[in-house]
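User: I have a model open and would like to go through its side-chain contacts. Could we begin with the charged pairs?

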Amino acid sequence: MSLSEAEVKRAVADRLEIGQAQGHWLYHRLNAGDFIIVEGERRRRVKGQGKGCADFVVIQPWVMKFQKRTIISPDYHTTRVTYLELKTAKGRQSLDQVDFEVMVKRMNCRYFIIRDADNLEEILK
């Protein structure tokens, strides 16, 4: 049975929430487009992310390993940024999403297309 994109998003968000609670990473759900927020009688428009933006961004402390030694110190900050785009088993990226992938990879960020939550731990380990 193939999962809908909404089901994949729920499963991924649940796993990301657990990892964040355990202190492994910080994540944010990224929403593209404009949104209307209702606050009592007031309504206001909020601008989301640009077209093609990935569904999630995950920020992790990163351990650099050199010649059998691990370097972690307050003076040497390392961070790994991973963007996650969620798709159904047959889903394809839009041209805007391909452009976003190319742009973030140029910035030395990682980008993955996730079709189910099962391989998420492997990607983020």
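User: Which side chain does Glu85 meet in a salt bridge?
Analyst: In this predicted model, the side chain of Glu85 meets that of Lys87 in a salt bridge, at 3.7 Å from N to O.

User: Are those two buried or exposed?
Analyst: Glu85 and Lys87 are both buried.

User: And what about Lys125 and Glu122, buried or exposed?
Analyst: Lys125 and Glu122 are both exposed. Their side chains also meet in a salt bridge, with an N to O distance of 3.4 Å.

User: Which residues are joined into a network by salt bridges that share partners?
Analyst: Glu5, Lys9, Arg29 and Asp55 form one such network.

User: How many salt bridges are there in the whole structure?
Analyst: The search returns 10 salt bridges. One of them pairs Glu121 with Arg15, at 3.4 Å from N to O.

User: Which parts does that pair tie together?
Analyst: Glu121 belongs to helix H3 and Arg15 to helix H1, so the salt bridge connects parts that lie 106 residues apart in sequence. Glu121 has a relative accessibility of 43%, which makes this residue partly exposed. Arg15, with a relative accessible area of 30%, is partly exposed as well.

User: Changing topic: how many aromatic pairs does the count come to?
Analyst: The count comes to 3 aromatic pairs. One of them is formed by Tyr27 and Phe56; the geometry is tilted, with 6.0 Å centre to centre and 50° between the planes.

User: Where do those two rings sit in the fold?
Analyst: Tyr27 is in strand E1 (residues 26-29) and Phe56 is in strand E4, so this pair ties together parts 29 residues apart in sequence. Tyr27 is buried at 13% relative accessibility, and Phe56 is buried at 2%.

User: What is the geometry of the pair between Phe100 and Tyr111?
Analyst: Phe100 and Tyr111 form a tilted pair, 6.4 Å centre to centre with 55° between the planes. Phe100 lies in helix H2 and Tyr111 in strand E8 (residues 110-114), so the two rings connect parts that are 11 residues apart in sequence. Both Phe100 and Tyr111 are buried.

User: Which residues do ring pairs link into a cluster?
Analyst: The cluster consists of Tyr83, Phe100 and Tyr111.

User: Let us turn to the interior. Which members of the largest nonpolar core touch the most other members?
Analyst: They are Val12, Leu16, Leu84 and Ile114, in a core of 14 residues. At least two residues of this core come from each of helix H1 (5-21), strand E4 (56-61), strand E7 (79-86) and helix H3 (120-124).

User: What is Leu84 in contact with, leaving aside neighbours within four places in sequence?
Analyst: Leu84 contacts Val12, Leu16, Ala54, Asp55, Phe56, Val58, Phe112, Ile114 and Leu120. Asp55 in that list is also part of the salt-bridge network with Glu5, Lys9 and Arg29. Apart from the largest core lies another one, of 9 residues, including Leu30, Phe100, Val104 and Cys109.

User: Since a cysteine has come up, how many disulfides does the structure hold?
Analyst: The structure holds 0 disulfides. Cys53 is buried because its relative accessibility is 11%, under the 20% limit. Cys109 has a relative accessible area of 18% and is therefore buried too.

User: What is the order of elements from the N terminus on?
Analyst: The order is α-β-β-β-β-β-β-β-α-β-α, with 3 helices and 8 strands in the protein. Of its 125 residues, 28% count as buried. Among contacts between residues at least 6 apart in sequence, 60% join residues at least 24 apart.

User: Finally, which element has the lowest mean pLDDT?
Analyst: Strand E6 (residues 69-71) has the lowest mean pLDDT, at 58, whereas helix H2 (residues 95-106) has the highest, at 97. The protein averages 88, and 87% of the residues score at least 70.

User: How should I treat the low-scoring parts?
Analyst: Predicted coordinates should not be read in detail where pLDDT is low.

Technical notes: Residues are numbered from 1 along each chain as its sequence is written. This is a predicted model: local features need pLDDT of at least 70, side-chain atom pairs count only at pLDDT 80 or more; totals for chains, interfaces and linings use all residues. Side-chain values use heavy atoms; hydrogens and water are left out. A disulfide is a pair of cysteine sulfur atoms within 2.5 Å. Buried means under 20% relative accessible area, exposed over 50%, partly exposed in between (1.4 Å probe, protein chains only). pLDDT is the predictor's confidence in each residue, from 0 to 100. Helices (H or I, at least four residues) and strands (E, at least two) are DSSP runs, numbered from the N terminus. A nonpolar core is a set of buried Ala, Val, Leu, Ile, Met, Phe, Trp, Tyr and Cys residues joined through side-chain atoms within 4.5 Å. Contact means heavy atoms within 4.5 Å. A salt bridge is a side-chain nitrogen of Lys or Arg within 4 Å of a carboxyl oxygen of Asp or Glu. Rings of Phe, Tyr and Trp (its six-membered ring) pair if their centres lie within 6.5 Å; planes under 30 degrees apart count as stacked, over 60 as edge-to-face and the rest as tilted.
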